[in-house]
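Me: Could you zoom in on one loop for me, then work outward from there? I'd like the surroundings too, not just the one spot.

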Amino acid sequence: MNKILIANRGEIALRIMKSAKEMGIKTVAVYSEADRNSPHVKYADEAVLLGPPPSAQSYLLGDKIIEVCKTLGVDGIHPGYGFLSENGEFAQAVEEAGITFIGPKAHSMKVMGDKLSAKEAAKEFGIPLVPGTEGAIEDPKEAIAISREIGFPVLIKASAGGGGKGMRIVEKEEELEEQIHSAISEAKSAFGNGAVFIEKYVSSPRHIEVQVLCDSHGNRVHLFERECSVQRRHQKVIEEAPSAILSDELRAEMGAKAVDVARSCNYLGAGTVEFIMDESHNFYFMEMNTRLQVEHPVTEMITGVDLVKEQIKIARGEALSFKQEDLKIHGHSIEVRVYAENARENFMPDIGKLRVYQRPHGVGVRVDDGFEEGMDIPIYYDPMISKLVTYGKDREEARVRMLRAIEDYKIVGLHTTMEFAKFVMEHPAFISGDFDTHFVNKHFKPEYLEADVAEEGEQVAALISAYLLNQQSNKGINPSEKQAKQNSKWKANRL
Ligand code: ADP
């Protein structure tokens, strides 16, 4: 493979290009009009404009992307996450055009892309499933009988749902029938597929997922777990590896089950098997994500494996260079998803300009991002600015380092999830490891946050620009600058 096209944008496009570069592979970026000046466009060896900002007119244009590959002599496509990454038809079309799709085969995506067919495949391999209806609900009466058996609350899930969408919690039997009908019509309009099913609503649930890698020679390994229980709107916001609560035995058991899930759909490449765990540490298969996961860096930090390089090697037909027993957990890693969101306003997107943007640095800090100072966060896509990742010899070091990195990360111009992340890092439930997916509801209130740093930051930025303007118009040194010079001279003398 000499040249790959990254059918994605932002931080993940850049992250993939960096591994490709280290492997001596040329890269092609694609972009929409909104991303003309994005770092991923500048970093690539070549870049092609796809179209206007909306994804449907740019990043989702599979046929156009394949045409670009043919024109530029591209021999592999990496889809990243989101957009076309879990689209089996696209993967198939890529292969038919004689280009390598860096990911699983269309068949595996199809099986795992639908929650019901995924459960069916996993069941054959004896994977534990959350109690509930076997298939799509045909008759609400039957669903009511099953819900009564497993006990309320229950969850109605859309088989084609994703990204935390298409789920409803039903607390009482009287509400179930009506909720099923609205869930079906909602699923039809949102996902074009009205299949819904019922699952027991696991109380005090933890989201624990396992990273797997499978090559085309029949080798399959797992790279341990990631704990993703700190969520808002059923969507992850803070992840870590390893989980604070797994014993070695449980880790090995979940890992083996995850590998079985991969086997059940003949998986190829990097994938993630998601489990939900209850208070008694019973775990159940939820779904498999057939792509690179947003939170993959925490696994890279604790295993030393570059997952993108492994994806490319597997796509080239190479055998995995390590066995399960070669993989060990070293230290601990935490990831904070830095979203342009306001935790004070129910995590509403807070789109705007990165007026000041300064990354943290130093030992054990990794920032995967796709923006520069002065850029706008576009309204058309996911409002994630970056992923702030720390690594430490143990969980406590990674946690304290995260607090330091949050303090060192200067973002002015919009609210971000970092202030919420600081709250989490300092919360006794997070520190002790005793938390679940209800962390936000149980422990968080906007008034617990410190003074509004974004607004304060705005004021500081305004003061700085007023100061600079003043300097430009008045060439002489103003008193505060004189003082600063004196201070640094004094410091230099002391050294
Ligand atoms: P999606 O495909 O939308 O990401 P998932 O099935 O992965 O949906 O579930 C997303 C989140 O919803 C989980 O991480 C968990 O917080 C919650 N969830 C899903 N299923 C259950 C369940 N049976 N009981 C309790 N919470 C659940």
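Reply: P242 sits in the loop that links β11 (235-241) to α9 (248-264); helices (H or I, at least four residues) and strands (E, at least two) are DSSP runs, numbered from the N terminus. The peptide bond joining A241 to P242 is cis, with omega about -5 degrees. Keep in mind that this is a predicted model, where local features need pLDDT of at least 70, side-chain atom pairs count only at pLDDT 80 or more, and totals for chains, interfaces and linings use all residues. Residues are numbered from 1 along each chain as its sequence is written, and side-chain values use heavy atoms, with hydrogens and water left out.

Another cis bond runs from F152 to P153, with omega near 0 degrees. P153 is likewise in a loop, between α7 (140-150) and β6.

Back at the other end of β11, the loop between β10 and β11 holds R233. Its phi is positive, near 55 degrees, though R233 isn't a glycine. With 45% relative accessibility, R233 is partly exposed; buried means under 20% relative accessible area, exposed over 50%, and partly exposed in between (1.4 Å probe, protein chains only). R232, in strand β10 (residues 220-232), is buried at 4%. The R232 side chain makes a polar contact of 2.9 Å with that of E341. Such a contact is a pair of N or O atoms within 3.5 Å; within protein, one must be able to donate a hydrogen and the other to accept it, and residues adjacent in sequence count only if both atoms are side-chain atoms.

H281 also has a positive phi without being glycine, near 65 degrees, and is found in the loop between β12 and β13. H281 is partly exposed, at 33%.

Those two strands bring us to the ligand: β12 (269-277) and β13 (283-289), along with β6 (154-158) and β8 (196-200), each supply at least two residues of its shell. In total 21 residues surround the ligand, and the closest are K115, G164, H207, Q231 and E287; being near takes a heavy atom within 4 Å. By type, the shell splits into seven nonpolar, seven polar and seven charged residues. Here Ala, Val, Leu, Ile, Met, Phe, Trp, Tyr, Cys and Pro count as nonpolar, Asp, Glu, Lys and Arg as charged, and the others, Gly among them, as polar. Domain 2 (131-200) and domain 3 (206-449) both contribute, so the ligand lies between them; the bounds come from an automatic or database domain assignment.

Now the ligand's oxygens. One is 2.5 Å from a side-chain N or O atom of K115. E287 puts a polar side-chain atom 2.8 Å from a ligand oxygen, and E274 does so at 3.0 Å. The protein covers 95% of the 550 Å² of accessible area that the ligand has on its own (Shrake-Rupley method, 1.4 Å probe).

Further out, the largest nonpolar core has 68 residues, and L213, I238, I385, L388 and F420 make the most contacts inside it. A core here is a set of buried Ala, Val, Leu, Ile, Met, Phe, Trp, Tyr and Cys residues joined through side-chain atoms within 4.5 Å. Helix α13 (residues 418-426) gives the most, six residues. Domain 1 (3-102) and domain 3 (206-449) both feed this core, so it lies between them. Apart from it is another core of 25 residues, including V212 and F285.
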